[in-house]
Amino acid sequence: MEDPCSVNSPRRVLSLSRKRKGSLSFPEPDEKASGFGPSAEHGPKPSEVYGFVGSISVVVATVIFLVWAYVPDPWLHAIGIFYYPSRYWALAVPTYVMVTIVLAIGFYIGLNFMVTPPPTSLNTIFDEYSREPSSFEPSEEDDELPIEPISDIGINQINDLMFNDQK
């Protein structure tokens with residue numbers, strides 16, 4: 001017979017610890033704890049199932065497409081497949097999809113060019129969030145250099161810094 005103090009399973013550890021200490025209690029697996037115990041809902045999440053089914057479907061569709069596109073007609077007739085689309089579509093559909101994607105990207109870039117203001121527009125410099133520099137005069141009592149209020153740097157200051165000769 002086994003020694004009653006020997007421990008060989010987590011459940012037995014919990015039952016032995018309950019017998020030794022009456023004040024310490026452990027929830028049973030069937031009881032619902034405050035978020036840390038076993039969940040009442042078991043099984044995979046719907047998003048996991050949809051992802052798995054979707055990935056398997058893509059693999060199966062790819063294999064069927066490749067068999068249809070590359071296996072010669074006599075082999076398909078030998079296994080009993082007589083009705084299938086023309087082989088023209090094996091090249092036409094991927095080509096149409098790629099051309100559609102390229103045209104959509106070109107349309108998106110063109111639309112962005114149309115809604116972007118020209119470089120000479122003041123809308124590229126100022127907007128509703130622009131802040132003019134305010135006159136800030138620190139008090140004489142502070143020994144440290146104060147931090148000036150946040151503001152935008154004027155375009156004239158930027159041009160002076162970038163394009164004027166600094167000798």
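**Surface patches on a helical chain**

Mentor: Asp127, Glu128, Glu132 and Asp152 make up a negative surface patch. This is a predicted model, where local features need pLDDT of at least 70, side-chain atom pairs count only at pLDDT 80 or more, and totals for chains, interfaces and linings use all residues. Numbering starts from 1 along each chain as its sequence is written, and side-chain values use heavy atoms, leaving out hydrogens and water.

Trainee: Is Asp127 buried, partly exposed or exposed?

Mentor: Asp127 sits in the loop between α4 (88-115) and α5 (155-163). Buried means under 20% relative accessible area and exposed over 50%, with partly exposed in between (1.4 Å probe, protein chains only). Asp127 has a relative accessible area of 44%, so the call is partly exposed.

Trainee: And which class does Tyr88 of the nonpolar patch fall in?

Mentor: Tyr88 belongs to helix α4. Its relative accessibility is 47%, so Tyr88 counts as partly exposed.

Trainee: About how much accessible area does that nonpolar patch have together?

Mentor: Patch residues have over 30% relative accessible area and no salt bridge (Lys or Arg side-chain nitrogen within 4 Å of an Asp or Glu carboxyl oxygen). Like charges are joined within 9 Å, nonpolar side chains within 5 Å. Members here include Tyr88, Trp89, Val93 and Phe113, and the patch totals about 1,200 Å².

Trainee: What percentage of the protein chain's residues are buried?

Mentor: The chain has five helices and zero strands (DSSP runs: helices H or I, at least four residues; strands E, at least two). Of its 167 residues, the buried ones make up 4%.

Notes
Accessible areas come from the Shrake-Rupley method with a 1.4 Å probe; for residues, only the protein chains shown count as cover. Lys and Arg count as positive and Asp and Glu as negative; His and the chain ends are not counted. The place of a charge is taken as NZ of Lys, CZ of Arg, CG of Asp or CD of Glu.
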